[in-house]
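Please look over the assembly shown below with its confidence, its contact between two chains and its nonpolar packing in mind.

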Amino acid sequence: MARIRVSPRKALHEWKLYLFIVPSLAMIVVFSYYPALSAMFHSFFDWTGGDNKQFIGAANFRRLLSDGVLWQSFVTIGILVVANIFKMVPSIALAVLVHRVKSDKWQYWYRVFLVIPMIVPGLVTLFIWKFFFDPTSGLLNAVLDVTGFKSVLIAFDRDLLGWGVFQEGVPIPWLGDPRLIIPSLILWGFPWIGAVGVLIYLAGLQSIGTEVYEAADIDGANALQKFWYVEFPLIMTQVRINLILLVIGTLQGFGLQLLLLGNSGGPGGAGMVPGLWMFNKAFLVGEFGYACAIGILLFVFILGLTFINNKYVRVDK
Amino acid sequence: MKVRVTREGVFNTIGVGLLVLCFVVALARVMFRAQRESDPGLVTLRFAHWQLEGGVRDAMDVLSREYEQLRAAEGVRVRVEQMAVPERVYPNWVITQLVGGTEPDLIQLGMGTSDERIARYFEPLTRLVDEPNAFNRGTPLEGRRWRETFIDGLESPLSYNPALLEYYGIPLSLHTIRIFYNVPLYRKIAGETPTPTDYNQFLQLCRRVREYGEANRRALVPVAGSKYNAPYLMGALYGSQTQRLMLESDRAHQLRTDDSIRGLAYLDGRWDFDHPAVRSGLALMREVAREMQPGFLQVAREDATVQFVQGRSLMIATGSWDASSFRVQADFEIGVFELPLPTREHPVYGQFVLGPVSEAGTGTGLTFGLTRNSANREEAIRFLQYLGSLPASRRFAEVSGWLPAVVGVDLPPQVRPFQPLTDGYPPGFNIATPATLEAMRAYDRHFYLLLQGADASAFVEAMKRDYPGAVLQDLWASDRGRLRAVQRNDTTAAALSQIGRASRDAEHERKQAELTESQFGLELGIEQARWRLEQLGHPPARP
Amino acid sequence: MFLSRNHSQSRRRARLWWIVCAWACAGSLVSAHGSGPTSAREAWELASQLRVEEAHRWFAAAVETGQESAREVRFGKAATLLTLQPKTEANLREAERLLAEIAAFRPADDLAVEAALLHARIPHYHCLVPDRAEALRRYEAVREQFAGNPLAELAAPRIALLRIFGPGPDEAKRAVLEELEGWAEGLTDPVARREFERVLGEGWLTVFRDDVRALPHFVKMCELGVVRRPARLDLFLRTAEMARASGQQEVARDFYARFLEGSARDNRARLVRDRLAEAGVSVPAAGEGER
């Protein structure tokens, strides 16, 4: 689309219309930009969160470099980011399956069933999963016992892992052993089908014209080939957006870890992530200045990953 | 020029008009602090707190109504309104109310009330607490200075603010830790056997619970544990083993220890994780952990409560603040007994025990402050005096099931078991306290190792690795806190000195004397800690 | 403005300006809520209540306009600069300059002494990187330049603090302590004397673990009196313990008894009663809820 040049005089002719965006802009500045700029400012202070602040230059950033807990938390969050990327697959698969349902009525009902769980607040879901992980009365251990899958885990532990966390007659401490923390965090949300993600992919799939499918049929593509060569490339825009949001959300997020593991990241600190460490430093220890510095570091990381995503995850137009 | 009125234009004008109108109304409310419409002869008092426990709200309601009746009999019409605000939002709510000028007359202190806010928005009660409380007339406390009628002498930090050198809060309650148990289930298991008074009896009871559970094919756990509840019992047991060690580490002849002394003593090598008393404490903790449900570490307070009130555990360790909640939730009679600590006569653990632990010095809470902007200052003071009187405290204890903060209250039967036991010895120290954040984090991170393996060796090795660094960080944090206080006090001291020079005022002289004393104490603490750290080869402050 | 397009631009603009002006007036009215101090006394009251910003604003304005006693308002500005947030090096340098000026005033008065003491505390406690050597030098200068002024005696405990707990081998500290003990009798201000004794006592106890040398200082502190009850009880108890450790049982009994008088709700009371029982003195237990 050709770019249209508009003269400043013409742009300002209906200047009063710009006043309509002032309230929204003011709110964005006050509630989004101001806190971020304030965090940047306060990262150079020894700040206890109230009125007590003393300028200390780059001391907080120097301290970041030798903070072993912080760097270990980046390793943990890196694992979770990679796992979450793989966890995008079920949503894409379900979207494709729903899209291929021939009956419009059934497609509609599948979408409704998918959306209904969205009304359950996220916090409730977290609490329910916390109950799932309970070693004595949790559903997860009960299912493993009833299905006999626990014996598989015991054999796997005994022969391969050597952890000793899966034992006969002993409830599995999903959130009570550091070696099981990351697997539990990855397992959380099974079967990893996010309604919003599915709907976004579905919208992308439904914008694919039927002539593309007809052409694929003519070329003799099977179902899997249609997905790989037709559908997946044509929903890359949605995949890319979701990937960016997923990476940002995972890097920033700590609510899951806080609720399931507490503010020290659980046994062994195995579930400590940068966001939780930042929360710890700010609201428990009272080192708000240092927490702001962690926030700035996190921002730089996210910016870097977003740049990489934009550069290398190409949308083939 | 002719104005062409269109339908769209009219609707737009109406929209803008509504917006402006709403703004003007909101502005008027903020500027003039709109008061609720009321009878001009009726005095409305409001007080706010975050204690949503049913018993407490009921008690405050009852006291409010009784106060209204009392004043009505004196010809004054008063209405008292209670504002119970959820704990999570309380700090933000308080700050908003104070800054916006819409605060209630009395506010519970402790959350959202920093020293600066207290100075700006709350009225000092020093003169008031030095006088007798009129509502104690006709009681054994008549004629005594009001502050002497409280269990702690109003020396808790929420009552007396050491930075501002004034009394700001009147407490209504205090708490102790006990074991709660399921009485009918206890009778089935142990018959008429009295409740345990020491550790051995407690272990025997736990064994009997397990046997009962197995015999009746019932999943029954002796003690409901959680990461919230377990530390109360385990910490007390550990502390019983470090009583003598605490005295040995006390080089300052204070017969007690604090976080800094404990930390420096560790760095100085006066105790470590191989010390027999520490190992004994850890062994005790392992033993009692076996009496809790598997995986209790990952379980929250609510889960342990459910476990107990659903009868899946016989006992639970928690504070007296949970008593009223348990009574509401459980459909069985609840009993209470003291924490079962080893005595000096115990063959294994007795050697480290000094004696029974004293609960004297337990701090008070549910502390209310008077806001400066109270529109009904005199009435609010009177209500505060009423709340902090002997008759009202008795009523409070009856209805809430909580301990009152006033001395000499004839406690109702359900509250008596929580009364602090004052005849005992100072407790030993724990590995970490909530104030030593890094040590606590190290402890939390490695605690799971204590419950694994044949003994506490894995936990000890992990703590030996992380504890010294954590202790150092906590000492630095404590040093920074003292330093900030010293800095702040310099301005306050200069101010008091200038005020005193202009007019010899007893009040200012008292404050100046207290501040000077406090300031030197802080400076001494800073210099001693730094010197000691340097002696031990550590940086005196965070590099 | 939002009516038909035929409406004149000037009327539309006028309405818009009314809205904007109303908004601005409302904002300024709301922000004008509350008034500041009107005198030095009020400003000092605010400063004593940690309301440093308001106090500083008044003092800074008073310095500009030359209100009231010029030295006092400059002192107020300096004192509030020390804790004005955010704390910056520029504020500290300005405070130092003002305090040095006030301290240089002759003939020296109490204000000059206070300014000099506060001036010494800047490198001691207010700078990001403390300079104890400079602080010591300034305290010593106060002691020399204002000899004879009771207020200047408050420098003595600080000098003792820095010399005892400063750098240097422990054995050298013995000589320091002995030298400082010679200053004690010369201190006429009871508060300065009490704190000086406290530092010396803590010095003997912390550096040399010498109860015998520490005890007289703590006894002297008890004589001079401690204001806050919890600190007073602690002092009695520590003195008693030191006396007991040094074999001075009479002194120990006396101070244990003084501790017990005020310690109904102290969890060390029973331990103290045990100590007294060991020494042959029986004291009945007191307090609620005994076992």
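The report that follows takes up these topics in turn.

This is a predicted model, in which local features need pLDDT of at least 70 and side-chain atom pairs count only at pLDDT 80 or more, while totals for chains, interfaces and linings use all residues. Residues are numbered from 1 along each chain as its sequence is written, and chains are lettered from A and ligands numbered from 1 in the order in which they are written.

Chain B has an average pLDDT (the predictor's confidence in each residue, from 0 to 100) of 91, and 98% of its residues score at least 70. The extremes within chain B are tabulated here, with helices (H or I, at least four residues) and strands (E, at least two) taken as DSSP runs numbered from the N terminus.

| Element of chain B | Confidence | Mean pLDDT |
|---|---|---|
| α4(B) | lowest | 85 |
| β7 (residues 177-182) | highest | 97 |

Where chains B and C touch, each gives 64 residues, a contact being two residues whose C-beta atoms, placed from the backbone, lie within 7 Å. On the side of chain B, α1 (7-32), α4 (115-121), α17 (457-502) and α18 (506-535) each give two or more residues, and α17(B) gives the most, with 15 residues.

The largest nonpolar core (buried Ala, Val, Leu, Ile, Met, Phe, Trp, Tyr and Cys residues joined through C-beta atoms within 7 Å; buried means 20 or more other C-beta atoms within 10 Å of a residue's own) has 229 residues, and B:Ala439 and C:Phe259 are among those with the most contacts inside it. Its largest share, 16 residues, comes from α17(B). Beyond four places in sequence, the contacts of B:Ala439 include B:Tyr467, B:Ala470 and B:Asp474.

Notes:
Buried ≥ 20, exposed ≤ 12 C-beta atoms within 10 Å, placed from the backbone.
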